[in-house]
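Reader: I should be grateful for a close look at one part of this model, namely its salt bridges. Please set out where the partners lie and how far they are covered.

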Amino acid sequence: MVQQEYRYIKRKERLAVYPGSFDPVTNGHIDIIERSLKFIDKLIVSVARHPAKKPLFAFKERVEMLQSVFSGRQEIVVDFFDGLLVDYLKKKGVYLVIRGLRAVSDFDYEFQMVLTNRKLLPGIETVFLTPKEEYLYLSSSAVKEIAKLNGPVEKFVPEIVAKKLKEKFSDPQDY
Ligand code: PNS
């Protein structure tokens, strides 16, 4: 355990992983990503291939949307993982996790996740960041519902994601 913590501190580059379903990425996620870069050098935004909930977007689409949103940004690496987050962190040699914390409703789930991950891999730390007020109640689920009901999702997601959502919901076979 001590060795793992030491490895993290010794890195020249401060690295962190921001894991999530990103189904799809929203302006709230982007806000968290930009905030984290104030105190780390490189962020690995990592898409969970099999999230707990059945995703609307295929894993490849979720990765591609993130890649196009962050293309040209050297300090942001888009990646993915299968299985347990702790195994992925171990493989990457990264011991800092970034998560967004919006309202109190996030707290139970996040708290459970932190403590479980800590039990599985002592030495990892999670930093919670709070997004801009206007994104406090923004979620991928809300965005999907707005898109499904033909609402103006452009307010909540990057242009490329809004386009993909419109495509998805224009074909009822697709969802
Ligand atoms: O964007 P989400 O859906 O809130 O992200 C949750 C995610 C994917 C980060 C979390 O479910 C996860 O880490 N899944 C991988 C499986 C795992 O490690 N489970 C144990 C943690 S409780």
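Author: Helices (H or I, at least four residues) and strands (E, at least two) are DSSP runs, numbered from the N terminus. The model is predicted, so local features need pLDDT of at least 70 and side-chain atom pairs pLDDT 80 or more, whereas totals for chains, interfaces and linings use all residues. Residues are numbered from 1 along each chain as its sequence is written, and side-chain values use heavy atoms, without hydrogens and water.

The chain holds seven helices and five strands, which follow one another from the N terminus as α-β-α-β-α-β-α-β-α-β-α-α. Its C-alpha trace spans about 55 × 35 × 30 Å along the principal axes. Within this framework there are 15 salt bridges, each a side-chain nitrogen of Lys or Arg within 4 Å of a carboxyl oxygen of Asp or Glu.

One of them lies within a single helix: Lys 60 pairs with Glu 64, and their closest N and O atoms are 3.5 Å apart. Both residues belong to helix α3, and because they are four residues apart, about one helical turn separates them. Lys 60 is exposed at 57% relative accessibility, and Glu 64 is partly exposed at 38% (buried is under 20% relative accessible area, exposed over 50%, partly exposed in between; 1.4 Å probe, protein chains only).

A second pair joins two loops. Asp 82 and Arg 49 meet through their side chains at 2.8 Å, N to O. Asp 82 sits in the loop between β3 (76-81) and α4 (85-92), and Arg 49 in the loop between β2 and α3 (59-69); the two are 33 residues apart and link distant parts of the chain. Asp 82 is partly exposed, with a relative accessible area of 40%, and Arg 49 is also partly exposed, at 28%.

A third pair connects a strand with a helix. The closest N and O atoms of Arg 99 and Glu 110 are 2.7 Å apart. Arg 99 is in strand β4 (residues 96-100) and Glu 110 in helix α5, so this salt bridge ties together parts eleven residues apart in sequence. Arg 99 and Glu 110 are both buried. Elsewhere, Glu 34, Arg 73 and Glu 75 form one network through salt bridges that share partners.

Helix α5, which supplies Glu 110, covers residues 107-120 and also contains Phe 111. Phe 111 is partly exposed, with a relative accessible area of 45%, whereas Glu 110 is buried. In the chain as a whole, buried residues make up 46% of the 175 residues.
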